[in-house]
Every structure is written in C-alpha cells, then in structure tokens.
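User: I am new to this structure and would like to go through its cavity, its pockets and its metal sites. Please take the questions in turn.

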Amino acid sequence: MKIGREDFEAFINGEKSITPYIETDLLAGSYSVFGVKTASNPNYLIKAIYEMYELNLNKKLAVKAVRNLFRSVGLGSVGLNNLLKKLGIDLKPSEFLMLVFKLQHQQGWGAPFELLEATDKRIILRTKQTFESQVMKDWNMQVCGIHQGWIEGVLMAVTGMNWFCLERTCHAKGDEFCEFVADQAESSWKFKAEAIVKGESAITEFIEHKPVEGTIKLIDDPVVIMPRFVFTSMMNSLKKTMGEMPAGGVNYRAYMDMGKENVEHYRKMGITKPHILADMAFTFYSQMGWFRIISMEWNEAKKEKTITLEHTVESEAFGNTGKNVCYCTAGLLAGIVEGSFGIKVQGREIRCRSKGDEHCVFAITNKPE
Ligand SMILES: [Zn+2]
Ligand SMILES: [Zn+2]
C-alpha cells in the first residue's frame, strides 16, 4: 500500500482512522498498519519485561530500566520523521509526538494523549491510563516506564537533543491521570551520577559494554571487571614478601589513596557537597559489587562513624579464616570519608565476617593531628 502526504494529513486532522490502512495476510502471518509491519499489544510480554528487571532490581529501578529500553524504541521514530519531511509535512516536536502516539494508540499500544503544555524546552502530556498502567496496576506506583522512555526517544529523534521525562501522576497509583513532563536537559555525568545516588537509576543503565572491542565504560569512565580472587591473590603475595601485618597495612594505605582519588574525580565532575560525595562513592562501590551497606551510624559524642557491611569483597574471597581480613575495604571507606570531608581519619575493622561475626563492621574516627 502506498502511503502519501494526504493520508497523513487526513489522519492528523481526524478525518480518517488507521482502519483503511490495516493489511492482514493470515497465510503469511503478517499484519501491517500504515505500511509498517506490526503486532497487537501482548500484555504478557509487558509483564515479563517488568518482572525480568524486577528480578535484579527493586520495582522503582525496574520501571527506570524499562524506560531505558523503550527509549531505543522511541528513537526508531526517526524513520517516520524523515518520511514526513520527504512528503513536505513539517511538524513541531510536540505535534510529531502526538502523531506517533495517535498512530500507536489506534494499534492498541500508545496512549491517547492530551497535550497540556508545549515549549521548546518542556512538553507536558496526559492520558487517563496507559496499557502498562493497566497491566502493572498491582504494583500500585508510578509504572509507566514504557511511555517515559518512548516519549524521551521520540523527542530525541526529532530534536537531536536530550530529553528527560518524568511521570508526575499515574493511574496505576490510583491517580486520575498518567501525566508526563518531558524536559530538554543536558544528560551530563553529574546528572546521571546524582540519579544513581538518589535511587532513580542503577549503574547498569549507564554501563556501556563492548565485549568484542574489549572495553567497558561506566558513565563514560573506563572500568574493568576483576575476578574477586584478586584480593586473596594480592594479599597472599604481599604476605610472602613482607609478612601479614605489614601486608594489611600496605593494602589499607593503597585503598585509602584510591578512595580519596575516586572522590577527587567526582569533585572534578562538579559534585561539591561533602555528604553527596561520600554517598556517591558508597553507592557506586556497593552497586559495583564490593559490599552491601546495612547501616551507617554517626555517634556525635564519640565523633565516630560506624559502617556495617554485608558480603565485603574480601570476606567473601577469603571465607572463614578466624581473623579480620578487610584491610582494603577499611582503607577504601576511610579514604572516601577523608576525601569527601577534607579531614584526617582512621578506619578500623572491629568485626569481620571472616572471623565469624555476622557482618563486617568498620569504625571511622578522626585522626589526631
Ligand atoms: Zn502511569
Ligand atoms: Zn571483614
């Protein structure tokens, strides 16, 4: 079927629906709308996508991961935009967005949006409900990651700029509308790192892994994957040359410097508040698999910070040894606190999983000058 300018215009004006443009070939098992092969909306697929992400994330982060996935779907609309331009139809970004969702809605996918506000920098849309808000209603929260990502992708495709879409209210949470606010925003290192600290993104969203080329980047910074036994191997090698206590001290010192340098890097990227610098480092190392933070307590009278961690990288690598083993982690934590707050501290491991304690517990205290 040949689709021309008059077809799009009739559709945008509401004179025609997509019905005359649906072609089915039951023998070939194909179904196309407006000349593009498509399929109906399979609810079980939506549920499966959300649940796949939820398996390794919490629900809120799973919604964000879905958003990330559907941003790529939205980016695909660049083809439609080029076709329209070729036909001499020049739409504003908000008009194009509305057209995409109208086309999709009549196919059982996108929402029938109402445009509330449209400027160069901000577009606000709402709808009674989206299909994912119906399918994922039992999560009872803002669930419309598909539409958030889709909106971002479509706007990126037509403007060539970065857009960031939030869902203000959601039908799945019991609100009257699903309302989306899309802002044109710089997607800087700082922006992404802060989203991770706030729990709005997980580092997985920003890992760019090119296994065939042998590179991995985490928000534009090169990183490597290391096997955990590096820690036992390094410790044993140092022990052989200098004895156990000095080896622990060397590891402590080396990781303290690393923690400080890491914080310095965040500072260069524009993060300035001490507690955000510290939270950022703790969150990143935790999400990179070094440990899980159980609690952080501050004792004002003793001027002491107590950090309780689960599965530190060393206690997992060494297993049960009857001794404290987390010298690297102790140094890392102390370095993060020193670097963030600009003070001199001492980090000691006071309980350790490898010694038989439930968790590894670290005390960070001010070091007298
Ligand atoms: Zn919603
Ligand atoms: Zn330990």
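User: Which residues line the largest cavity?
Analyst: The model is a predicted one. It holds one cavity of 30 Å³ or more, and about 40 Å³ of space lies in the largest cavity. Helix 3 (59-75) and strand 6 (163-169) each supply at least two residues of its lining. The lining residues are K64, R67, F164, L166, A195, E200 and S201.

User: How many residues of each class are in the lining of the largest cavity?
Analyst: The lining includes K64, R67 and E200. Lys, Arg and Glu count as charged. By class, the lining has three nonpolar, one polar and three charged residues.

User: Which elements give two or more residues to the lining of the largest pocket, and which gives the most?
Analyst: The largest pocket has about 940 Å³ of space. Of its 29 lining residues, V223, V224, Y285, M288 and W290 are the closest to the centre. Two or more residues come from each of strand 8 (207-210), strand 9 (215-218), strand 10 (221-222), helix 10 (244-268) and helix 11 (274-287). The element that gives the most, with six residues, is helix 10.

User: How do the residues of the lining of the largest pocket divide into nonpolar, polar and charged?
Analyst: Among the residues closest to the centre of this pocket are V223, M288 and W290. Val, Met and Trp count as nonpolar. The full lining divides into 21 nonpolar, five polar and three charged residues.

User: Which residues that line the second largest pocket are the closest to its centre?
Analyst: The second largest pocket has a volume of about 620 Å³. Its lining takes two or more residues from each of strand 3 (36-37), helix 2 (43-56), helix 3, helix 4 (78-86), helix 5 (93-105) and helix 7 (145-159). By class, the lining has 17 nonpolar, eight polar and one charged residues. Of the 26 residues in it, the closest to the centre are V36, L80, L103, Q104 and Q107.

User: What is the arrangement of the four donor atoms around the zinc ion (ligand 2)?
Analyst: The protein donors are C326 (SG), E349 (OE), C352 (SG) and C360 (SG), lying 2.0 to 2.3 Å from the ion. Four donors count as tetrahedral if all angles lie between 85 and 135 degrees. The angles here are 102 to 120°, so the arrangement is tetrahedral.

User: What spacing do the donor residues of the zinc ion (ligand 1) have in sequence?
Analyst: The zinc ion (ligand 1) is coordinated by C144 (SG), E167 (OE), C170 (SG) and C178 (SG), at 1.9 to 2.3 Å. Angles of 101 to 115° among the four donor atoms go with a tetrahedral site. For the zinc ion (ligand 2), the donors follow C-x22-E-x2-C-x7-C along the chain. For the zinc ion (ligand 1), the spacing is C-x22-E-x2-C-x7-C.

User: Is C178 buried or exposed?
Analyst: C178 is one of the donors of the zinc ion (ligand 1). Buried means under 20% relative accessible area. C178 has a relative accessible area of 0%, so C178 is buried.

User: Which residues is K323 in contact with, leaving aside its neighbours within four places in sequence?
Analyst: K323 is found in the loop between helix 12 (313-318) and helix 13 (327-341). At 41% relative accessibility, K323 counts as partly exposed, whereas E349 and C352 are both buried. The contacts of K323 beyond those neighbours are E244, C352, S354 and K355.

Technical notes: Residues are numbered from 1 along each chain as its sequence is written. Chains are lettered from A and ligands numbered from 1 in the order in which they are written. This is a predicted model: local features need pLDDT of at least 70, side-chain atom pairs count only at pLDDT 80 or more; totals for chains, interfaces and linings use all residues. Side-chain values use heavy atoms; hydrogens and water are left out. On a 1 Å grid over the protein atoms alone, a cavity is a set of points where a 1.4 Å probe fits but cannot get out, and a pocket is an open set with protein on both sides within 12 Å along at least five of seven lines; lining residues have an atom within 4 Å of a point. Grid points are joined across faces, edges and corners, and a volume is the space filled by probe spheres set on the points. Helices (H or I, at least four residues) and strands (E, at least two) are DSSP runs, numbered from the N terminus. Donors are N, O and S atoms within 2.8 Å of the metal (3.2 Å for Na, K and Ca); water is not among the atoms, so sites may look incomplete. Four donors count as tetrahedral if all angles lie between 85 and 135 degrees; four count as square planar and six as octahedral if opposite donors are over 155 degrees apart and all others between 65 and 115; anything else is irregular. Buried means under 20% relative accessible area, exposed over 50%, partly exposed in between (1.4 Å probe, protein chains only). Contact means heavy atoms within 4.5 Å.
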